[in-house]
Amino acid sequence: MPNYFDSYALVMALLLVGGGIVAGGLAANRMLRPHRPTAEKLMTYECGVDPVGEGWAHSYVRYYVFAYLYVVFAVDAVFLFPWATVFDDPGYGFTTLGEMFVFLAFLATGLAYAAKKGVLSWV
């Protein structure tokens, strides 16, 4: 089994070479770039507008909930498309159909709960 650990040595050598290339590029960038900080350059940039007031801003939690619901249904699509492609293959008949209905029932339960709590209303 001496050849078994040789493959790990090769992987380690490639990782070290790759890390050296990245570190060398970052070091070259740091040495070659101009560095002239001014007060205007160090000021916080807010879309071209001078920052005014405090850094705290109030936002509604419901926008985060909408983003969370979007992520949930995007993950739903990730699971539904592969299921739709293999459903017709032999051996993936009614068992796969039942599993997908259970999955969709969980999602429908979550959507019904969100609707009951009033999360889906914009006002």
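## A surface patch on H1

Let's start with Leu15, which sits in helix H1, the stretch covering residues 2-32. This is a predicted model, so please read everything below in that light. Is Leu15 buried or exposed? Its relative accessible area is 58%, and since exposed means over 50%, Leu15 counts as exposed.

Leu15 also has company at the surface. Together with Val11, Met12 and Leu16, Leu15 makes a nonpolar surface patch of about 420 Å². A general point about helices helps when you look at this group: an α-helix has 3.6 residues a turn, so residues three or four places apart point the same way.

## The chain as a whole

Stepping back, the chain has four helices and zero strands. Reading from the N terminus, the order of elements is α-α-α-α.

How much of the chain is buried? Of its 123 residues, 7% count as buried. The accessible surface of the chain comes to about 11200 Å², and carbon and sulfur atoms account for 71% of that area. As for contacts, take those between residues at least 6 apart in sequence: 57% of them join residues at least 24 apart.

## Asp76, a buried acid in H3

Now have a look at helix H3, residues 61-86, where you will find Asp76. Asp76 is buried, yet this residue has no salt bridge. Where is the nearest side chain of opposite charge? That side chain belongs to Lys116, 22 Å away.

What does Asp76 touch, then, leaving aside residues up to four places away in sequence? The answer is Phe103, Leu104 and Leu107. Leu107 is also one of the buried residues of H4, which brings us to that helix.

## Helix H4 and what follows

Helix H4 runs over residues 94-116 and has 23 residues. At 1.5 Å a residue, H4 should span 33 Å, and its end C-alpha atoms are 32 Å apart, so the expected span and the model agree.

Which residues of H4 are buried? They are Thr96, Met100, Leu107 and Ala114. If you follow the chain onward, you meet Gly118 just after H4, and this glycine takes a positive phi of about 80°.

Notes. Residues numbered from 1 in each chain as written. Predicted model: local features only at pLDDT ≥ 70, side-chain atom pairs only at ≥ 80, totals over all residues. Heavy atoms only, no water. Patch = residues over 30% accessible without salt bridge, like charges linked within 9 Å, V, L, I, M, F, W, Y side chains within 5 Å. Areas by Shrake-Rupley, 256 points an atom, 1.4 Å probe, with all protein chains shown as cover. Salt bridge = Lys/Arg side-chain N within 4 Å of Asp/Glu carboxyl O. Helix = DSSP H or I, 4+ residues; strand = E, 2+ residues; numbered from the N terminus. Buried < 20%, exposed > 50% of the residue type's maximum accessible area, 1.4 Å probe, protein only. Expected span 1.5 Å × (residues − 1). Contact = heavy atoms within 4.5 Å. Lys, Arg positive; Asp, Glu negative; His and termini not counted.
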